[in-house]
Amino acid sequence: MASCNGGVSTKADLKTEQDSVSYALGVTFGNYLREQFKQLPVDTIDYVAYAQALNGSKIRSEYAENIKAQLDSIDSKLFMAATRAQLATGKAAIEMDMAQAILNKKSTAKRAEMQAKRDAEAAANEAEGKAFLESNIKAEGVDSTASGLQYKVLVAGNGPKPKETDRVKVNYRGTLIDGTEFDASQDSVPATFALRGVIKGWTEALQMMPVGSKWEIYVPSDLAYGKRGAGEKIGPNATLIFQIELLEIVK
């Protein structure tokens, strides 16, 4: 293999797994660029000139952060060296098949690592939630239903109770059991929900609440978001706490 093509090296010294991953990713990106350039409405393309123009370029921080979540950190110099080599010659220090194999192996290992971490988080959240609910049910004014939903009446309303098919207008605030707020209705702007469109704990609790009520409910994970969690703050198997003020049944 030629070592240099118009100043673009097609050799690489890959000492670690992450070196190989960085270079392999650059190979696939360089190949992608070549394929994209083929779609341009021109007869000939000087790939070496394009590769030379990339000399000194670096990975954008947004791209690096996205890749970090999938493949760990990337060596920018190796990535760009591979990109330029593949773009210039179509044949960098490693073949495309090898590059794909390296990336597949790494992404599989990374997924397994992330799943193990999430499983551990789920187990910890489940244990913490169970301990919290076992303690909370002993608190004054707290009651529970057959499903395991716990609730405390803060304000007793005297209006009608909604049915599962209804829509309701509420003020609410949701927190984790450590007090971290993850959601709330906006100040002076109540939220409107269909009872069938919310988590099971809400659907159950709202059907027990007369309009004008304000309750605090304690929702086990199986009546909330379960193993999947929700967003960045609600982890897998998280037990949730909500204060809900039922303002009206929306007709």
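**Start: the aromatic cluster**

Select Tyr 172, Phe 182, Phe 193, Trp 202 and Phe 242, which together form one aromatic cluster. The model on the screen is predicted, and every value on this tour was computed from it. A search of the whole structure finds 12 aromatic pairs. The next selections concern two of these pairs.

Keep Phe 193 and Trp 202 displayed. How is this aromatic pair arranged? The pair is edge-to-face, with 5.4 Å from centre to centre and 75° between the planes. A pair of aromatic rings is described by two values, the distance of the centres and the angle of the planes. Show the surface over both residues. Phe 193 counts as partly exposed, because its relative accessibility is 23%. Trp 202 is buried, since its relative accessible area is 4%.

Now replace Phe 193 with Phe 242. Trp 202 and Phe 242 also make an edge-to-face pair, at 5.4 Å centre to centre and with 90° between the planes. Colour the chain by sequence position, and the pair is seen to link distant parts of the chain: Trp 202 belongs to helix α6, Phe 242 belongs to strand β9, and 40 residues separate them. Phe 242 is buried, because its relative accessible area is 4%.

**Second stop: around Trp 202**

Centre the view on Trp 202 and display its surroundings. Which residues are in contact with Trp 202, once its neighbours within four places in sequence are left aside? They are Val 170, Tyr 172, Phe 193, Ile 217, Phe 242 and Ile 244.

Widen the selection to the largest nonpolar core, which has 27 residues. Within this core, Trp 202, Leu 206, Ile 217, Phe 242 and Ile 244 touch the most other members. Four elements each give two or more residues to the core: β5 (167-176), α6 (200-208), β8 (214-219) and β9 (240-250). Select β9 by itself to see the element that gives the most to this core, with 5 residues.

Another core lies apart from this one. The second core has 26 residues, among them Tyr 47, Ala 51, Leu 71 and Ala 99.

**Third stop: a charge over a ring**

From the second core, keep Tyr 47 and add Arg 34. What sits over the ring of Tyr 47? The charged end of Arg 34 is placed there, 4.0 Å from the centre of the ring.

**Fourth stop: the loop between β8 and β9**

Select Ser 221, which is found in the loop between β8 and β9. Is Ser 221 buried or exposed? At 15% relative accessibility, Ser 221 counts as buried. With neighbours within four places in sequence left aside, Ser 221 is in contact with Gly 226, Asn 237, Ala 238 and Thr 239.

Move on to Asn 237, which also lies in the loop between β8 and β9. Asn 237 counts as buried, because its relative accessibility is 8%. Inspect its backbone: phi of Asn 237 is near 60°, a positive value in a residue other than glycine.

Add Ala 124, whose place is in helix α5 (residues 96-136). Ala 124 is partly exposed, with a relative accessible area of 35%. Draw a distance between the C-alpha atoms of Ala 124 and Asn 237: they are 8.5 Å from each other, although these positions lie 113 residues apart along the chain.

**Fifth stop: Asp 72**

Select Asp 72, found in the loop between α3 (61-71) and α4 (76-89). Here, too, the backbone deserves inspection: phi of Asp 72 is near 75°, a positive value in a residue other than glycine. Asp 72 counts as partly exposed, because its relative accessibility is 22%.

**Final view: the whole chain**

Clear the selection and show the chain as a cartoon. The chain has 6 helices and 9 strands. Rotate the view along the principal axes, where the C-alpha atoms fill a box of roughly 85 × 40 × 25 Å. How does the radius of gyration compare with that of a compact globule of 251 residues? Such a globule would have a value near 18 Å, but the chain has 28 Å.

Turn on the surface of the whole chain. The accessible surface comes to about 14,500 Å², and carbon and sulfur atoms account for 49% of it. Of the 251 residues, 39% count as buried. Finally, display the contacts: among those in the chain with a separation of 6 or more, 71% are between residues 24 or more positions apart.

Terms used:
Residues numbered from 1 in each chain as written. Predicted model: local features only at pLDDT ≥ 70, side-chain atom pairs only at ≥ 80, totals over all residues. Heavy atoms only, no water. Core = buried A, V, L, I, M, F, W, Y, C linked by side-chain atoms within 4.5 Å. Buried < 20%, exposed > 50% of the residue type's maximum accessible area, 1.4 Å probe, protein only. Contact = heavy atoms within 4.5 Å. Phe/Tyr/Trp six-rings, centres within 6.5 Å; stacked < 30°, edge-to-face > 60°. Lys NZ or Arg CZ within 6 Å of the ring centre and 35° of its normal. Rg over C-alpha atoms; globule rule 2.2 N^0.38 Å. Areas by Shrake-Rupley, 256 points an atom, 1.4 Å probe, with all protein chains shown as cover.
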